[in-house]
Amino acid sequence: MFQNKKLILISLILGAIFSFFYNYFVIGDFKGFKLKLKDVKGITQFNLPEKDIYILKVWGKDSPQEVYFNDKILSHFYFRKRGELKELYFSLPEDLVNEGSNKIKIVSPLSYSLRIRNHLGTADYGTVLFKESKFLKEKRFNFRKFLLGIVLFSLSIFFIFRFFSFLTKNLLIIILSYIPCFLFFLFSFFISQFSPYRIILHIYSFLGMSIFLVGIIMVPLFLIFSARKIDIKLLKENFQKDKDLFLSNRIVYWIMTREFSDKCILTFMFLLILCAFLLIFKLEPVAEQIANLAYLVLVLGVGIKFVKFIREEKQKE
């Protein structure tokens, strides 16, 4: 009973931490804006959807003498030479931007290409925004979402702990499997706090990365405890005590009584299922690495069975 109380407390604490990171990074779908213009020379007018902070990229064969935006001169904050092209990056603060018509003037005899967008970069996993972005100012901390996150994450963590606590009563070992996940989100949080940029994630990226970072520690822990010599009699006694309470104990008991080669094949099946979830969350690079690990585990299990089969045939002869 005491252990269950401690387990519930740990699950609530970890669930609250996960819920905080979830509220901070997953704040809704961001609709990015990007405008690209080619062969721009002299004065050019264009429309922007709203007053917001934007980034302007100008590139051509040579750097322009001066660049004006709405009659105000700009200074670039970054310069990059890429082959024969020279790229300059300018920041357009919100007070300089008009909703609707805007004007840019490039002082140079050459023509240039321009790109204007309201974010630094976007991909399948998420987006990097400016901290002064209008989108971030409109998104506030959602307390109801935070409480719901605590409930959902705490329940999932509790059942995962309960599953693995049948293998070991040391909950500290299970807690260690969450450290890489916490460090990753904590590192991303501090980057957003102490830099002019903010990282936001899609929900499937947040969940997929959480499952992956926890799984890369939990799966080896499971294999280590599975490979150890276990007192089957003691295992049966523990199973008889708790079999009416948790279905997970029945699953673990069945797995633990299998041979090590069978456990490898079961691990292979588990990793393939994990790959399917990662593909759903659009984490193809992560799924590819997990698939490689899965096939290695499968080769190990089949190899052990093959060696055992050869030995049994020799003994029969």
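Is Asp71 buried or exposed in this structure? I would like to start there, and I should say at once that what we are looking at is a predicted model. At 59% relative accessibility, Asp71 counts as exposed, since the cut-off for that word is over 50%. Asp71 sits in the loop between β4 and β5, and its phi is near 70°, a positive value in a residue other than glycine.

In that loop between β4 and β5 we also find Asn70, whose phi, near 50°, is likewise positive although the residue is not glycine. As background, most residues other than glycine have a negative phi. Asn70 has a relative accessibility of 16% and therefore counts as buried, the limit being under 20%.

Let me now move outward from the loop to the strands on either side of it. Strand β4, residues 66–69, is joined to β5 by 2 bridges, and the two strands run antiparallel; in one of these pairings, Tyr68 has Ile73 of β5 as its bridge partner. Both strands belong to an open sheet of 4 strands, in the order β2-β8-β4-β5, with antiparallel pairing. At the edges of this sheet stand β2, covering 42–48, and β5, covering 72–73, each of which pairs on one side only.

On the edge strand β2 I would point out Thr44, which is buried, with a relative accessible area of 18%. If we leave aside its neighbours within four places in sequence, Thr44 is in contact with Leu37, Asn102, Lys103 and Ile104.

There is also an open sheet of 3 strands, with the order β10-β11-β12 and, again, antiparallel pairing. Here β10 (121–122) and β12 (197–201) are the edge strands, and because each has a single partner strand, one side of each is left without a neighbour in the sheet. Between β10 and β11, the latter spanning residues 126–130, there are 2 bridges, and Gly121 has Val128 in β11 as its bridge partner.

Turning to the interior, in soluble globular proteins nonpolar side chains tend to be buried together. In this model the largest nonpolar core has 38 residues, and those with the most contacts inside it are Phe18, Phe161, Tyr178, Phe185 and Phe206. The elements that give two or more residues to this core are α1 (2–25), α3 (143–165), α5 (179–193), α6 (203–227), α9 (260–280) and α10 (284–316), with α1 giving the most, namely 8 residues.

For a closer look at one member of that core, take Phe206: leaving aside neighbours within four places in sequence, Phe206 is in contact with Phe18, Phe21, Tyr22, Val26, Phe153, Phe185 and Leu201. Apart from this largest core lies another, of 19 residues, which include Leu74, Leu96, Val97 and Ile116.

I will finish with helix α9, one of the elements that contribute to the largest core. At 1.5 Å a residue, its 21 residues should span 30 Å, and the C-alpha atoms at its ends are indeed 30 Å apart, so the expected and computed values agree. The buried residues of α9 are Ser261, Lys263, Cys264, Thr267, Phe268, Leu271, Leu274, Cys275 and Leu278. Because they cover an arc of only 145° around the axis, they lie on the same side of α9. The general background is that an α-helix has 3.6 residues a turn, so residues three or four places apart point the same way.

Conventions:
Residues are numbered from 1 along each chain as its sequence is written. This is a predicted model: local features need pLDDT of at least 70, side-chain atom pairs count only at pLDDT 80 or more; totals for chains, interfaces and linings use all residues. Side-chain values use heavy atoms; hydrogens and water are left out. Two strands pair if DSSP finds at least two bridges between them. Buried means under 20% relative accessible area, exposed over 50%, partly exposed in between (1.4 Å probe, protein chains only). Contact means heavy atoms within 4.5 Å. A nonpolar core is a set of buried Ala, Val, Leu, Ile, Met, Phe, Trp, Tyr and Cys residues joined through side-chain atoms within 4.5 Å. The expected span of a helix is 1.5 Å times one less than its number of residues. The arc is that of the directions from the helix axis to the C-beta atoms.
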